[in-house]
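This report goes through one protein structure, from its metal site to its overall fold. Please keep the sequence and the 3D view at hand while reading.

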Amino acid sequence: MTNLCTNSIEMVEVGPRDGLQNEARLVSTADKLELIDRSLAAGARRIEVASFVNPRAVPQMADAEAVCVGLPRRGDVTYVGLVMNRRGAERAVATGRIDQLGTVSVATDQFAMANQGQTSDGSVEIAREIVAFGRSVGLSAQCTISAAFGCPFEGEVGEDRVIAMAAALALADPIEIALADTIGVADPAHVHRLVTRVIEVIAPIPVRVHFHNTRGTGLANVWAAVQAGARIVDASLGGLGGCPFAPGAAGNVATEDVVYMLGRAGIATGFDLALLIEANHWLAGVMGKQLPAMVAKARSFPPQPKQHKREVA
Ligand code: ZN
């Protein structure tokens with residue numbers, strides 16, 4: 001059953017965390033804060049600002065606390081800190097600037113061991129503890145199921161395994177549960193089926209989706225998820241991204257590409273596409289390379305009057 005009647009989708013900007021964490025070039029705290037500022041200016045209202053993990057494992061996130069110190073104080077914005085365990089959650093809380101804890105549970109044992117040194121079941125248990133801990137200190141928490149569509153080590157991931165994890169996580173009553181295609185192997189039919197099944201199991205808890213465009217199916221998967229009833233979509237400015245513990249992982253779906261696609265299809269995201277494209281060009285300068293996102297490489301459409309004049313002159 002498709003759901004064509006939605007007219008708005010919430011987007012979570014994950015550029016400062018998932019977007020940057022796999023980049024070899026260390027991005028300065030100041031540039032991370034400018035990325036967050038530009039995302040806010042373009043319309044982001046929920047931003048994953050950092051992960052509180054061992055800096056030796058993910059050097060790009062070593063300045064998580066410093067980023068938090070510099071976050072603009074905004075009552076209308078939710079800052080998300082990703083945490084893998086109680087210690088990370090305590091670090092996030094200690095900053096006093098994180099509004100929401102993000103947890104990660106992994107669908108397979110081998111990837112769970114590589115990503116966070118525990119079994120898949122163990123990663124569900126810890127996520128539930130973090131949700132409860134967040135509640136005890138007044139923070140909301142959300143859960144992500146990583147490698148929900150395929151694992152870099154074990155291959156195919158059974159849908160029933162993901163459904164069982166979603167049901168177990170739902171018992172902790174997080175604000176949402178996300179299905180993440182960490183290595184970009186999902187196809188739209190798989191996405192539609194799994195999102196539909198997870199909604200059946202966890203409603204009224206909403207489903208968020210997180211896609212990587214490793215094999216070019218990212219936008220198609222976003223569309224399939226939205227049609228199936230997912231209400232929140234992760235994206236990264238410029239399409240940067242990857243996982244240090246998932247061999248061959250490539251960028252997230254790009255914020256500007258998702259905003260363009262949904263906007264043209266009549267689904268509001270609250271973002272200003274022109275400001276996103278400006279931010280893309282700025283970020284490309286910071287990273288010293290062209291970014292994977294498509295929309296910023298093309299002329300805007302429909303053409304802007306000024307741009308059109310320049311072109312014919
Ligand atoms: Zn990711």
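Asp18 and His210 are both buried. In this predicted model, the two residues also serve the zinc ion, whose protein donors are Asp18 (OD), His210 (NE2) and His212 (NE2). These donors lie 2.0 to 2.1 Å from the zinc ion. Along the sequence, the donor residues follow the spacing D-x191-H-x1-H. Asp18 and His210 come from distant parts of the chain: Asp18 belongs to helix α1 (residues 15–19), His210 belongs to strand β7 (residues 207–211), and 192 residues separate the pair.

His210 has a further partner. The side chain of His210 makes a polar contact of 2.7 Å with the side chain of Asp234. A polar contact of 2.7 Å also joins the side chain of Asp234 to that of Arg208. Asp234 sits in strand β8 (residues 232–235). Is Asp234 buried or exposed? Its relative accessibility is 2%, and the limit for a buried residue is under 20%, so Asp234 counts as buried. Apart from neighbours within four places in sequence, Asp234 is in contact with Val12, Val14, Arg208, Val209, His210 and Val253.

**Salt bridges**

Side chains of opposite charge can pair when their charged atoms come close. The count for this structure comes to 17 salt bridges. Three of them are set out below, with the N to O distance and the separation in sequence.

| Pair | N to O distance | Separation in sequence |
|---|---|---|
| Arg46 and Glu10 | 2.9 Å | 36 residues |
| Asp76 and Arg45 | 3.5 Å | 31 residues |
| Asp121 and Arg161 | 3.0 Å | 40 residues |

Take the pair Arg46 and Glu10. Arg46 is in strand β2 (residues 46–52) and Glu10 is in strand β1 (residues 10–13), so this salt bridge ties together parts that are 36 residues apart in sequence. Arg46 counts as buried because its relative accessibility is 4%. Glu10, with a relative accessible area of 34%, is partly exposed.

For the pair Asp76 and Arg45, both residues lie in loops. Asp76 is in the loop between α3 (64–69) and β3 (78–83), and Arg45 is in the loop between α2 (29–42) and β2. Asp76 has 43% relative accessibility and so counts as partly exposed. Arg45 also counts as partly exposed, at 36% relative accessibility.

The pair Asp121 and Arg161 joins two helices: Asp121 is in helix α6 (residues 120–136) and Arg161 is in helix α7 (residues 159–170). Asp121 counts as exposed because its relative accessibility is 53%. Arg161 is partly exposed, with a relative accessible area of 28%.

Which residues are joined into one network by salt bridges that share partners? They are Glu10, Arg46, Glu176, Arg208 and Asp234. Asp234 therefore appears in this network as well as counting as buried, at 2% relative accessibility.

**Nonpolar residues**

In soluble globular proteins, nonpolar side chains tend to be buried together. Here the largest nonpolar core has 97 residues. The members that touch the most other members are Ile36, Val49, Leu101, Ile145, Leu179, Val195 and Leu283. One of these, Val195, touches Leu179, Val207, Val209, Ala225, Ala228 and Ala230, when residues up to four places away in sequence are not counted.

Phe52 gives another view of the packing. Phe52 is in strand β2. Its relative accessible area is 2%, so Phe52 is buried. The C-alpha atoms of Phe52 and Ala64 are 6.4 Å apart in space, while the two residues are 12 residues apart in sequence. Leaving out residues up to four places away in sequence, Phe52 touches several residues, among them Ala64, Glu65, Cys68, Leu82, Val83, Arg91 and Ile98.

**The whole chain**

How many helices and strands does the protein chain have? It has 12 helices and eight strands. Of its 313 residues, 56% count as buried. The C-alpha trace spans about 65 × 45 × 35 Å along its principal axes. A compact globule with 313 residues would have a radius of gyration near 20 Å; the protein chain has 18 Å, which agrees. Among contacts in the protein chain with a separation of 6 or more, 74% are between residues 24 or more positions apart.

How values were computed: Residues are numbered from 1 along each chain as its sequence is written. This is a predicted model: local features need pLDDT of at least 70, side-chain atom pairs count only at pLDDT 80 or more; totals for chains, interfaces and linings use all residues. Side-chain values use heavy atoms; hydrogens and water are left out. Helices (H or I, at least four residues) and strands (E, at least two) are DSSP runs, numbered from the N terminus. Buried means under 20% relative accessible area, exposed over 50%, partly exposed in between (1.4 Å probe, protein chains only). A polar contact is a pair of N or O atoms within 3.5 Å; within protein, one must be able to donate a hydrogen and the other to accept it, and residues adjacent in sequence count only if both atoms are side-chain atoms. Contact means heavy atoms within 4.5 Å. Donors are N, O and S atoms within 2.8 Å of the metal (3.2 Å for Na, K and Ca); water is not among the atoms, so sites may look incomplete. A nonpolar core is a set of buried Ala, Val, Leu, Ile, Met, Phe, Trp, Tyr and Cys residues joined through side-chain atoms within 4.5 Å. A salt bridge is a side-chain nitrogen of Lys or Arg within 4 Å of a carboxyl oxygen of Asp or Glu. The radius of gyration is taken over C-alpha atoms; the globule rule is 2.2 Å times the number of residues to the power 0.38.
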